[in-house]
Amino acid sequence: MQKEVIIVIGGGITGLTVALELAQLGKHPLVVERGPLLGGRSASLPCKATDRCLKCNNCLVEDTLRQIKYDSPFEFMTHTTISDIRREAESWYVTLETGPFFIDWEKCTDCGACYEACARLGASGVVRGASINQHPFFGIDQKACSCLQKGADPACVKECPEGAINILTRPQTRQVKAHGIVVATGYTPYVPPEKNRFGYGRLPNVITTQEADEMLRESGAVTRPSDGRVPQRVAFVQCVGSRDRRIGREYCSRICCGYSLRLALHMIHKYPDVDITIFYMDIQNFGKDFEKYYSEVKDKAKLVRGLPGDFYALDEGKISVSYFSEEQQKNVAQPFDLVLLTIGLSPQEENPDLANMLGLGINEDGFLRPSQADASAVVVAGTARGPMDVAECICDAKSAAFKMANFLEGS
Amino acid sequence: MTDGRVNRSVLVVGNGPYCFKVAGELASVDSVSLAVLREARLDEMEQKPNLVELLMPVELLGFSGQPGEFRAVFRQTNGSHAERTYGFVVVALESEWISTLNKWSVVEDSRITSLSKLEKYVNEYLGNIGPGDKVVFISGFKQDSYPVSQEKIVNFAAAVREKTGAATYVLMEQFKVAQEGLERAFRLARELGVVFVKFSQTIPEVRVGPKECTVQYMDEAMGQAVNISPQLLIFEDEACPPPEGRYISDLLGINLGNQGFLQGDFLFNLPIYTNRTGIFVVGSGKGPISEREAEREAEAVAEEVAKLVCSFDKEVVGPFPTLNENECIHCLTCYRSCPHKAISLYPGQRSPQISPVACRGCGICVESCPRRAIDFEHGESGISYYDIDKEIDHIVYEDSRDVPRIAVFACVNSAYDAYLLAKSRGDRLQARCSVLKVPCGGRVEAAAVIKALGSGVDGVAILTCHENSCKSVHGASRCRKRIAAVKEMMTKCGVKEEAILFGTVAPGSAPQFVELINRFSLRLQGGDGSSIIPGNAGSGGEAR
């Protein structure tokens with residue numbers, strides 16, 4: 001009997017969980033990831049523990065990646081996009097394009113020779129995983145390749161002892177007949193526009209929480225970009241890119257309150273002298289036992305209701321933040337060493353195209369939703385459907401795998 | 001399995017409509033018994049799915065066994081006892097919404113009610129409300145609010161405003177909008193003329209007289225006092241754990257969470273797991289969730305069960321503990337220490353039996369057995385990291401004295417990954433480390449630490465997961481306590497306890513791993529760590 005292939009679009013925590021579950025149910029998923037690595041955004045989340053786990057859920061991702069790395073339970077393709085999908089009778093005919101510049105993960109041994117070669121040239125065309133459980137651990141970011149920009153042959157290709165790095169004249173194509181499709185294309189982090197009142201992009205010590213995450217994972221601490229120093233006074237600004245109808249985001253991103261409260265507790269644990277102020281509209285419930293974290297933050301940090309208005313530069317990279325103080329019933333300005341913009345989750349730009357191609361719907365917030373009945377050949381899962389945290393993505397992925405497996409049994 | 005027979009049916013335990021939904025999803029996997037612990041009106045339930053056996057109302061009296069052969073003893077209304085065998089158990093208890101009227105010192109009457117009562121008798125309460133009347137909802141202040149209850153408030157408030165024309169106010173602590181469509185629903189209600197007043201410094205006061213009730217509050221934004229005499233006053237309810245939760249948790253041997261809600265406070269229980277393989281918890285019994293989320297969990301648990309059914313067909317591979325019956329003295333330490341309750345006592349069996357399905361390979365039983373009667377069988381892959389004794393014999397170090405030599409016991413779920421990541425990043429360790437992969441911090445016995453110390457290293461570090469994120473529930477905390485005891489013992493013997501470090505580190509935290517080792521290295525050299533490396537011991541921290 002021919003294998004009934006299910007294409008899983010997206011190799012983040014949702015897509016990987018769907019594939020892992022389907023494989024364990026005896027099905028044949030094929031994960032298609034456009035980026036160079038598996039694991040998606042969640043693979044680079046940093047641990048925010050104090051002396052105990054604050055359930056940032058990062059370890060759930062590591063656990064999933066570890067299982068995939070050691071058991072190789074399903075097929076996947078990185079550096080791969082979908083160029084065409086056709087529906088014929090009960091099947092989908094999907095055209096996949098890989099590369100043209102990519103690492104063949106079946107040959108790659110994660111030795112890192114390519115990364116070192118690229119780093120020696122001072123470039124970042126070869127990217128490295130954030131988790132040791134990511135295989136492949138290295139990948140190509142073609143746009144950042146300095147060799148190609150100079151018109152030279154990429155150094156990494158020559159350095160690879162396994163001959164695993166391909167650079168072709170055009171993408172490698174493959175056509176796959178699939179019986180079902182799982183859409184797990186995730187979200188995109190909100191980026192404040194060029195002109196914004198926060199001074200983001202203009203003031204070096206105003207950064208997004210995504211940038212703070214990367215810093216924490218990479219170096220173990222959130223420091224000031226301007227001088228690398230540990231900040232004394234830190235402001236979190238909530239709801240940047242969320243709950244704002246004027247910018248077309250009339251929804252709560254759901255995970256950011258938990259994010260900021262956990263990061264605040266982590267920073268206070270690591271640097272007990274740090275002085276943290278969180279500007280917020282409302283503190284949302286996040287996950288189980290959120291009250292515990294909330295009351296701890298109320299004790300250890302300052303919570304200010306209302307988002308600040310102006311941000312301007314002071315000496316030594318400091319930022320003056322002005323806001324309305326309910327206590328004093330007037331506008332006040334306060335200096336901070338570092339401002340963290342807690343950015344929301346936005347729908348992927350490609351959602352309308354994807355919806356069109358697969359016959360899906362789009363909800364009022366721009367996220368995907370199924371348009372057919374439950375037992376359909378297309379299932380949407382994870383943050384492609386709307387904002388959710390890692391544990392919810394895992395749960396949603398399992399429910400998607402269940403629907404897909406039932407659909408296959410029924411067809 | 002004691003008799004080799006594997007049962008694949010599922011027992012769903014519930015107390016309300018939700019468990020019918022769960023049973024319906026599971027019925028597509030295998031046969032299901034639905035045990036409803038209360039008398040419930042069937043017409044209020046979702047339609048009873050076919051293929052589901054309904055036991056209602058039923059008392060669960062006893063529970064034992066392992067996945068594939070769980071045994072449950074019931075007492076039904078007619079007093080008869082029944083014993084049944086199940087492959088899996090799904091706990092689908094629902095939390096309860098309890099009125100907060102007593103917290104406000106008011107008594108329910110035709111003008112004052114709770115949200116759940118309003119839901120039930122909406123026509124009765126709203127029948128006499130008309131234009132010129134005032135309706136006030138109060139959300140929060142005395143209890144936590146949830147999106148799922150605020151969704152009801154905003155829908156009611158909008159409907160009251162639209163249908164009766166009454167002036168409608170919602171006095172609230174916070175907008176809980178973390179649910180699809182809620183932000184928009186609040187805006188639409190405002191556009192209909194519902195007034196939302198938010199408080200952060202003060203609390204509204206409620207006074208009830210014989211003729212009218214009054215709500216007095218400070219409008220914090222306007223800085224002025226306000227008096228409203230509503231014709232109808234509705235209080236949001238408080239979410240309370242299912243009353244049956246504690247009893248059922250105890251009976252099934254699953255950990256209970258904070259404030260009596262279901263599911264122990266451990267990361268790896270998320271989203272629907274418990275400390276026991278084959279036993280799941282879904283729905284609002286873990287804490288209030290939306291209907292859509294609860295539905296998703298019902299589907300996810302059906303998938304989990306289907307997956308476990310598939311796994312029964314496969315042979316157990318990999319390391320698995322075996323008990324040497326000749327050495328076992330029946331002290332039952334293993335039975336008590338297993339965090340997953342994978343060890344059973346069967347009448348007529350000479351020794352405790354370890355379930356290969358339920359065992360998660362943490363090795364805590366191996367560590368805890370005073371007779372060392374339990375050993376790991378090495379799987380086909382020939383993994384030998386469970387054999388700590390052998391590993392210690394292989395500690396290699398170069399004959400160099402410029403940096404301290406450290407033996408590191410690293411949990412395979414956390415510190416070992418962090419070590420590999422640090423290595424692959426080319427991070428510099430100021431120590432020569434021999435890293436021993438262990439299945440869990442709880443596997444590391446005191447003797448192994450002492451033996452490692454005696455192997456010629458300068459220090460021994462035991463690095464595990466954070467408590468609450470330990471895959472074997474109490475492995476990390478057991479380890480912390482044990483290392484503290486070893487340190488105390490060493491101090492009494494006149495040996496410096498500084499040669500031992502207990503730390504916690506996450507799998508992706510390479511910088512924290514490096515920081516822990518380097519600080520330890522400095523300490524071993526007699527240096528003062530804090531002056532050279534910024535910060536304290538990272539997200540880890542040492543045992544006290």
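**Salt bridges in a predicted model**

Guide: Arg425(B) counts as buried, with a relative accessibility of 19%. Keep in mind that this model is predicted.

Visitor: Why does Arg425(B) count as buried?
Guide: Buried means under 20% relative accessible area. Arg425(B) therefore counts as buried, because its relative accessibility is 19%.

Visitor: Which residue meets the side chain of Arg425(B) in a salt bridge?
Guide: The contact runs from N to O over 3.6 Å, and the partner of Arg425(B) is Glu218(A). This pair crosses between chains, with Arg425(B) in helix H11 of chain B and Glu218(A) in helix H6 of chain A. At 45%, Glu218(A) is partly exposed. So the partly exposed partner is Glu218(A).

Visitor: Which residue of chain B forms a salt bridge with Asp63(A)?
Guide: The closest N and O atoms of Asp63(A) and its partner Lys471(B) are 2.7 Å apart. The pair crosses from helix H2 of chain A to the loop between strand S25 and helix H13 of chain B. The partner is Lys471(B).

Visitor: Is Asp63(A) buried or exposed?
Guide: The cut-off for buried is under 20% relative accessible area. Asp63(A) has 13%, whereas Lys471(B) has 30% and counts as partly exposed. So Asp63(A) counts as buried.

Visitor: How many residues apart in sequence are the parts that Glu350(A) and Arg34(A) tie together?
Guide: Glu350(A) forms a salt bridge with Arg34(A), with the closest N and O atoms 2.8 Å apart. Glu350(A) lies in the loop between strand S21 and helix H9, and Arg34(A) in the loop between strand S2 and helix H2, so the parts tied together are apart in sequence by 316 residues.

Visitor: What is the relative accessibility of Arg34(A)?
Guide: Its partner Glu350(A) counts as partly exposed at 33%. Arg34(A) also counts as partly exposed. Its relative accessibility is 49%.

Visitor: Which residues of chain B belong to the salt-bridge network that includes Arg245(A)?
Guide: From chain A, the network links Arg245(A), Glu250(A), Glu364(A) and Asp365(A). From chain B come Arg184(B), Arg187(B) and Glu191(B).

Visitor: How many salt bridges does a search of the whole structure find?
Guide: The search runs over all chains. The total is 65.

Visitor: How far apart in space are Tyr70(A) and Asn133(A)?
Guide: Tyr70(A) sits in helix H2 of chain A. Tyr70(A) counts as exposed, at 52% relative accessibility. In sequence, Tyr70(A) and Asn133(A) are 63 residues apart. In space, C-alpha to C-alpha, the distance is 8.7 Å.

Definitions and conventions:
Residues are numbered from 1 along each chain as its sequence is written. Chains are lettered from A and ligands numbered from 1 in the order in which they are written. This is a predicted model: local features need pLDDT of at least 70, side-chain atom pairs count only at pLDDT 80 or more; totals for chains, interfaces and linings use all residues. Side-chain values use heavy atoms; hydrogens and water are left out. A salt bridge is a side-chain nitrogen of Lys or Arg within 4 Å of a carboxyl oxygen of Asp or Glu. Helices (H or I, at least four residues) and strands (E, at least two) are DSSP runs, numbered from the N terminus. Buried means under 20% relative accessible area, exposed over 50%, partly exposed in between (1.4 Å probe, protein chains only).
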